[in-house]
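Here's a quick tour for anyone meeting this structure for the first time. Have a look at it, then read on.

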Amino acid sequence: MKLDPFYLIVDSAAWIERLVPLGVKLVQLRIKDMDEAGLRREIRVAKTICARHGCQLVVNDYWRLAIDAGCDYVHLGQEDLAEADVAAIRHAGLKLGLSTHDDAELDTALAAAPDYVALGPVYPTILKAMKWAPQGLDRIVEWKKRVGTTPLVAIGGLNVERISGVFAHGADIAAVVTDITLNADPEARTRQWLAATAEWR
Ligand SMILES: Cc1ncc(COP(=O)(O)OP(=O)(O)O)c(N)n1
Ligand SMILES: Cc1nc(C(=O)O)sc1CCOP(=O)(O)O
Ligand SMILES: [Mg+2]
């Protein structure tokens with residue numbers, strides 16, 4: 001199944017409950033600093049909401065909990081990947097998205113035959129400190145040549161105004177956090193993202 005070109009990333013099931021009913025079809029639950037019981041609860045609620053709305057849920061980092069909860073997609077960064085049991089993830093039938101930030105990381109990612117590759121940060125991000133300089137749009141062109149038919153996710157500093165640029169340079173999917181979650185009207189901004197990504201859907 002083709003992944004939606006609009007990839008929303010949020011840090012709670014409450015955000016998923018709020019925004020997925022608007023028509024979001026690809027969402028990542030990215031929670032940091034929560035105990036295991038809380039994580040299990042958040043994943044369970046997120047999964048229920050996403051199933052109700054036909055939205056693909058991707059669980060960030062916590063691949064074991066995702067397997068336990070019967071989820072079918074996880075996202076891992078390079079450090080996560082180094083410690084993960086990819087065979088167990090695959091054996092459980094989960095799909096796998098991987099982060100990349102440089103050539104060596106892309107080599108590592110492609111060796112794991114991911115279901116999508118993410119490249120970031122395309123633009124400066126305020127979400128978290130990153131050791132990589134912004135990649136810029138030309139890097140997307142380079143990455144798309146290397147990943148071939150594997151879907152390419154652009155992430156980092158994206159906003160509605162920057163969407164067409166990342167798709168024009170070869171991204172298949174645009175991922176976003178703060179342009180929506182820190183917006184004064186997250187629902188309205190989500191609708192703008194849905195409209196702005198419609199031609200790539
Ligand atoms: C779609 C997407 N791309 C990149 C990331 C970042 O993953 P990672 O490098 O593991 O960092 P954290 O998000 O875990 O802080 C992502 N989550 N999603
Ligand atoms: C979580 C994350 N990973 C990145 C990477 O480059 O791997 S950039 C990023 C933050 C994305 O948030 P925003 O849309 O607010 O910039
Ligand atoms: Mg991670």
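Ligand 2 has 14 residues around it, and the closest are Gly120, Thr125, Gly156, Val177 and Thr178. Keep in mind that this is a predicted model. Sorted by class, the ligand 2 shell holds six nonpolar residues, seven polar ones and one charged one.

Ligand 1 has its own shell, made up of 15 residues, with Gly77, Ser99, Ala118, Ile155 and Ala175 coming nearest. Here are the two shells, class by class:

| Ligand | Nonpolar | Polar | Charged |
|---|---|---|---|
| Ligand 1 | five residues | seven residues | three residues |
| Ligand 2 | six residues | seven residues | one residue |

Ala175 is worth a second look. It's among the residues that come nearest to ligand 1, and it also turns up in the largest nonpolar core. That core has 55 residues, and Leu8, Val27, Val153, Ala154, Ala174 and Ala175 are the ones touching the most other members. Strand S1, residues 6–10, supplies the largest share of this core, with five residues. In soluble globular proteins, nonpolar side chains tend to be buried together.

So which residues does Ala175 touch, leaving aside its neighbours within four places in sequence? They are Tyr7, Ile9, Ala118, Val153, Ala154, Ile155 and Leu158.

Now for the strands. S1 and S2 run parallel and are joined by three bridges, with Ile9 standing opposite Gln28 in S2. In a regular strand the side chains alternate between the two faces of the sheet. Strand S2 spans residues 26–29, and both of its faces are covered: Leu26 and Gln28 are buried on one side, Val27 and Leu29 on the other.

Not everything is tucked away like that. Is Ala198 buried or exposed? It's exposed, because just 10 other C-beta atoms lie within 10 Å, and 12 or fewer counts as exposed. Ala198 sits in the segment after helix H10 (186–196). Although Ala198 and Phe6 are 192 residues apart in sequence, their C-alpha atoms are 8.8 Å apart in space.

Val45, in helix H2 (residues 36–53), counts as partly exposed because it has 16 C-beta neighbours inside 10 Å. Between the C-alpha atoms of Val45 and Arg162, which are 117 residues apart along the chain, the separation is 32 Å.

Finally, the label: an unreviewed UniProt entry annotates residues 12–180 as "domain: Thiamine phosphate synthase/TenI". Over that stretch the chain is 43% helix and 18% strand, and the end C-alpha atoms are 14 Å apart.

Key. Residues are numbered from 1 along each chain as its sequence is written. Chains are lettered from A and ligands numbered from 1 in the order in which they are written. This is a predicted model: local features need pLDDT of at least 70, side-chain atom pairs count only at pLDDT 80 or more; totals for chains, interfaces and linings use all residues. UniProt positions are given in the numbering used here, feature names are shortened, and annotations may be inferred rather than shown by experiment. Helices (H or I, at least four residues) and strands (E, at least two) are DSSP runs, numbered from the N terminus. A residue is near a molecule or strand if its C-beta atom, placed from the backbone, lies within 6 Å of it. Ala, Val, Leu, Ile, Met, Phe, Trp, Tyr, Cys and Pro count as nonpolar, Asp, Glu, Lys and Arg as charged, and the others, Gly among them, as polar. A nonpolar core is a set of buried Ala, Val, Leu, Ile, Met, Phe, Trp, Tyr and Cys residues joined through C-beta atoms within 7 Å. A residue is buried if 20 or more other C-beta atoms lie within 10 Å of its own, exposed if 12 or fewer, and partly exposed in between; C-beta atoms are placed from the backbone. Two residues are in contact if their C-beta atoms, placed from the backbone, lie within 7 Å. Two strands pair if DSSP finds at least two bridges between them.
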